[in-house]
Amino acid sequence: MAQTTRIIKKYPNRRLYDTEISSYITLEEVRQLVLDGETFEVRDAKSGEDLTRSVLLQIISEHEEKGQPMLSPQLLSQIIRFYGDSLQGFMGPYLERSLQVFLDQQQQFRTQLNSMMGQTPWALLNELTERNLDAWKNMQRGFMDAAATQTATPPGTASRGPTTKKP
């Protein structure tokens, strides 16, 4: 089933109206739509102009002011410098691909961590104990095999290595 684009209208009084649920929503609720992976557009209620980017930038701006910011002043300055640059058209796709690579690596890491930590602590401890027990058995088997080889060789026939004569 094809996903339809949810339309949110922005009125002159800065209020956001979600046409899907027929209710006004907050910027935080728009952020939740992003987190939920919803496809939406924010449109000016009067002109129909697409305001999605400016609303998303407003959400980023508000979250940058709270807590630990992700975008340093240096990074923001570098992004600003790209506006009007001949490479401006390449910057957006480059940042998108870079972020996608980061997200893919993050997902792989989480999957590996979940597969390792998805077990109970006792299961992890049991697995570690079994591995150590196997290693111990292999070591003991090696000692027993070496001892059996030593006892199977008659005394005095084993190689003692090079001998040196004393003057």
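Helix axes that cross at 65 to 115 degrees count as roughly perpendicular. Keep that range in mind for the tour of this predicted model.

**Stop 1: the two helices**

Select helix H1 (27-35) and helix H2 (52-65). Their axes come within 10 Å and cross at roughly 105 degrees, so H1 and H2 are roughly perpendicular to each other. Now show the side chains where they touch: on H1, pick Leu-27, Glu-28, Val-30, Arg-31 and Val-34; on H2, pick Val-55, Leu-56, Gln-58, Ile-59, Glu-62 and His-63. Colour them by type and you should get six nonpolar, two polar and three charged residues.

**Stop 2: Leu-27**

Stay on H1 and centre on Leu-27. What does Leu-27 touch, leaving aside its neighbours within four places in sequence? Its contacts are Leu-16, Val-55, Gln-58, Ile-59 and Glu-62.

**Stop 3: the buried side of H1**

Add Val-30 and Leu-33 to your selection; along with Leu-27, they are buried in H1. Look down the helix axis: the three cover an arc of only 105 degrees, which puts them on the same side of H1. What do the buried residues of H1 pack against? Bring up E1, E2, E3, E4 and H2, and you have their partners.

**Stop 4: the core**

Next, select Ile-8, Leu-16, Ile-25, Leu-27, Val-30, Leu-33, Phe-40, Val-42, Leu-51, Val-55 and Ile-59. Together these 11 residues form the largest nonpolar core. Which elements give two or more residues to this core? They are H1, strand E4 (40-44) and H2. H1 supplies the largest share, with three residues. As a general point, nonpolar side chains in soluble globular proteins tend to be buried together.

**Stop 5: some backbone oddities**

Time to leave the core and look at phi angles. Most residues other than glycine have a negative phi. Go to the loop between strand E1 (6-10) and strand E2 (16-18), where you'll find Arg-14. Arg-14 isn't a glycine, yet its phi is positive, about 75 degrees. Is Arg-14 buried or exposed? Exposed means over 50% relative accessible area, and Arg-14 has 62%, so it is exposed.

Hop along to the loop between E2 and strand E3 (23-25) and click on Ser-22. Ser-22 is another residue other than glycine with a positive phi, this time near 50 degrees.

For a last pick, select Gly-37, which follows H1. Its phi is positive too, near 80 degrees.

Key
Residues numbered from 1 in each chain as written. Predicted model: local features only at pLDDT ≥ 70, side-chain atom pairs only at ≥ 80, totals over all residues. Heavy atoms only, no water. Core = buried A, V, L, I, M, F, W, Y, C linked by side-chain atoms within 4.5 Å. Buried < 20%, exposed > 50% of the residue type's maximum accessible area, 1.4 Å probe, protein only. Helix = DSSP H or I, 4+ residues; strand = E, 2+ residues; numbered from the N terminus. Contact = heavy atoms within 4.5 Å. Axes fitted to C-alpha atoms, helices over the stretch in contact; angles between N-to-C directions. Parallel < 35°, antiparallel > 145°, perpendicular 65-115°, else oblique. Nonpolar A, V, L, I, M, F, W, Y, C, P; charged D, E, K, R; others polar. Arc of directions from axis to C-beta.
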